[in-house]
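Trainee: Got a minute to walk me through this one? I'd like to go over the fold and then the odd backbone spots.

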Amino acid sequence: MTDKVETYGRAGVPVYLILDMQEEQATALWTPSAKGYESRLTVPFGEKLQIPAPFDCTLDTSGFLAPEEPEES
């Protein structure tokens with residue numbers, strides 16, 4: 001993830017959204033720069049994540065679930 005964050009920021013991608021199913025959290029990164037992104041907001045699944053311009057919307061993460069662990073037999 002680190003390489004993509006730096007690469008997308010340097011390329012000028014305005015907003016980069018990461019859904020981390022293992023950590024059960026969503027991250028929005030914005031304000032691209034030569035070092036990656038200058039702004040970041042992370043919320044746990046179940047909360048709302050504000051996505052900044054140019055999208056300017058709210059992502060409701062309450063329906064996101066981490067993969068279930070397989071049952072042992």
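Mentor: Sure, we'll take the sheet, then a serine contact, then the unusual backbone angles.

Mentor: This is a predicted model: local features need pLDDT of at least 70, side-chain atom pairs count only at pLDDT 80 or more, and totals for chains, interfaces and linings use all residues. Residues are numbered from 1 along each chain as its sequence is written, and side-chain values use heavy atoms, with hydrogens and water left out.

Trainee: OK, what order do the strands have in the open sheet of three?

Mentor: The order is E1-E2-E3, with antiparallel pairing. Strands (E, at least two residues) and helices (H or I, at least four) are DSSP runs numbered from the N terminus, and two strands pair if DSSP finds at least two bridges between them.

Trainee: Which ones are the edge strands?

Mentor: E1 and E3, each of which pairs on one side only. From one strand to the next, the twist averages 20°.

Trainee: What packs on the sheet?

Mentor: Helix H1, residues 2-11, touching E1, E2 and E3. Contact there means heavy atoms within 4.5 Å. The direction of H1 makes about 130° with that of E3; axes are lines fitted to C-alpha atoms, for helices over the stretch in contact, and angles run from 0 to 180 degrees between N-to-C directions.

Trainee: How many bridges join E2 and E3?

Mentor: Eight, in the antiparallel sense. Trp-30 has Ser-39 in E3 as its bridge partner.

Trainee: And what does the side chain of Ser-39 make a polar contact with?

Mentor: The side chain of Thr-31, at 3.1 Å. A polar contact is a pair of N or O atoms within 3.5 Å; within protein, one must be able to donate a hydrogen and the other to accept it, and residues adjacent in sequence count only if both atoms are side-chain atoms.

Trainee: Anything odd about the backbone of Thr-31?

Mentor: Thr-31 has a positive phi of about 60° although it is not a glycine. This residue sits in strand E2.

Trainee: Switching topic: where is the cis peptide bond?

Mentor: Between Ala-53 and Pro-54, with omega about 15°. Pro-54 is in the loop between strand E4 (48-51) and strand E5 (57-60).

Trainee: Which side chains of E4 are buried?

Mentor: Leu-49 and Ile-51, on one face, while Lys-48 and Gln-50 point to the other and are not buried. Buried means under 20% relative accessible area (1.4 Å probe, protein chains only), exposed over 50%, and partly exposed in between.
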